[in-house]
Amino acid sequence: MKNQAFTLSEVLITLGIIGVVAALTLPTVINKTQNKQFKVAYKKAYSALSQAFLYMQAAGEYQDMSSTSDDGTGTMGTPVIGENFKAIAKYFKATKTCFDKNASECWEIDNGEQACITAAANNWVGCGGHNENYSFVDASGMSWFLYSNKEYPVLVDVNGKKKPNKLGKDRFVMKFASSKDKKANYVEDADMIAPWDDKIEKQRWCPSGNCMYKTWLLE
């Protein structure tokens, strides 16, 4: 009686095929898993910012953020927005605050998407000159960045300064908003936090295309 067995060449061929299949499918699986983790983290971040905003209001630390054209350029905003952002940081038990023109210590500025045009190219990547913007790192390791110390957009990077640093990937945009008009990007009486609208086409808040903010909160 002879024992049935695979030859060495057959085993090596089989292992080679398995390796090729794994090489083709594993990156996709990893990418999907990572995207899911980012979305879950985004929901957590949105909830945390909303709660911090409510706590700040309940403590009487909220300052009215009525919009004004304070610089003569027509840009809507007020420095009070920055003061409220700094007040919120303590409700996150921030491990590091960057409120003294040192935002790059808390937020990846030059190698990340935050809807700014670089001096080198019109690619919406990088935020040179925005080191003066307020930023902080919370106890969970998430980084927060106020796009302008006088404007409403608030950005979060759910894995801190780690890559990819892309909007709609690990970075998301939220805003101080009003329950009276949640769609408005600039309001007279902010009383809540709202996600930025979904952006499908490449544009300011979505340089890579297909950046979903509001929809992902509902999944």
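Is Lys96 buried, partly exposed or exposed? Lys96 counts as partly exposed, because its relative accessibility is 33%; buried means under 20% relative accessible area, exposed over 50%, and partly exposed in between, using a 1.4 Å probe and protein chains only. Keep that scale in mind as you move through the model.

**Before you click**

This is a predicted model, where local features need pLDDT of at least 70 and side-chain atom pairs count only at pLDDT 80 or more, while totals for chains, interfaces and linings use all residues. Residues are numbered from 1 along each chain as its sequence is written, and side-chain values use heavy atoms, with hydrogens and water left out.

**Stop 1: the whole chain**

Start with a cartoon view. You should find 2 helices and 6 strands in the protein chain, in the order α-α-β-β-β-β-β-β along the sequence. Helices (H or I, at least four residues) and strands (E, at least two) are DSSP runs, numbered from the N terminus. Of the 219 residues, 41% are buried.

**Stop 2: the two helices**

Select helix H1, residues 8-58, which holds Leu15. Leu15 is exposed, with a relative accessible area of 53%. Now add Leu8, Val11, Leu12 and Ile18: with Leu15 they form a nonpolar patch on the surface, with about 500 Å² of accessible area together. Patches are made of residues with over 30% relative accessible area and no salt bridge; like charges are joined within 9 Å, and nonpolar side chains (Val, Leu, Ile, Met, Phe, Trp, Tyr) within 5 Å. The areas come from the Shrake-Rupley method with a 1.4 Å probe, and for residues only the protein chains shown count as cover.

Next, select H2. It is largely enclosed by the rest of the structure, because 7 of its 10 residues are buried. To see them, show Ile81, Gly82, Asn84, Phe85, Ala87, Ile88 and Ala89.

**Stop 3: salt bridges**

The structure holds 6 salt bridges, each being a side-chain nitrogen of Lys or Arg within 4 Å of a carboxyl oxygen of Asp or Glu. Here are some to visit.

- Return to Lys96 and add Glu105: the two form a salt bridge, with the closest N and O atoms 3.2 Å apart. Glu105 is partly exposed, at 44% relative accessibility.
- Select Arg171 and Asp157, whose side chains meet in a salt bridge at 2.7 Å, N to O. Arg171 lies in strand E5 (residues 171-177) and Asp157 in strand E4 (residues 153-157), so the pair ties together parts that are 14 residues apart in sequence. Both Arg171 and Asp157 are buried.
- Select Lys214 and Asp197, where the closest N and O atoms of the salt bridge are 2.9 Å apart. Both residues lie in the segment after strand E6 (192-195), so the pair ties together parts that are 17 residues apart in sequence. Lys214 is partly exposed at 32% relative accessibility, and Asp197 is partly exposed at 25%.

**Stop 4: Trp196**

Trp196 also lies in the segment after E6. This tryptophan is buried, with a relative accessible area of 4%. Draw a distance between the C-alpha atoms of Trp196 and Val173: they are separated by 5.6 Å, while the residues are 23 apart along the chain.

**Stop 5: unusual backbone angles**

Most residues other than glycine have a negative phi, and most peptide bonds are trans. Three places in the loops are worth a look.

- Lys93 has a positive phi of about 55° although it is not a glycine. Find Lys93 in the loop between helix H2 (80-89) and strand E1 (96-98); it is exposed, with a relative accessible area of 67%.
- Lys101 has a positive phi near 55°. Look for Lys101 in the loop between E1 and strand E2 (135-137), where it counts as exposed at 61% relative accessibility.
- Lys163 and Pro164 are joined by a cis peptide bond, with omega about 15°. Pro164 is found in the loop between E4 and E5.

**Stop 6: the largest pocket**

Which residues line the largest pocket? Select Asn35, Phe38, Lys39, Lys166, Leu167, Gly168, Lys169, Ser208, Gly209, Asn210, Cys211 and Trp216. By class, the lining has 4 nonpolar, 5 polar and 3 charged residues. Ala, Val, Leu, Ile, Met, Phe, Trp, Tyr, Cys and Pro count as nonpolar, Asp, Glu, Lys and Arg as charged, and the others, Gly among them, as polar.

The volume of the largest pocket is about 190 Å³. On a 1 Å grid over the protein atoms alone, a pocket is an open set of points where a 1.4 Å probe fits, with protein on both sides within 12 Å along at least five of seven lines; lining residues have an atom within 4 Å of a point. Grid points are joined across faces, edges and corners, and a volume is the space filled by probe spheres set on the points.
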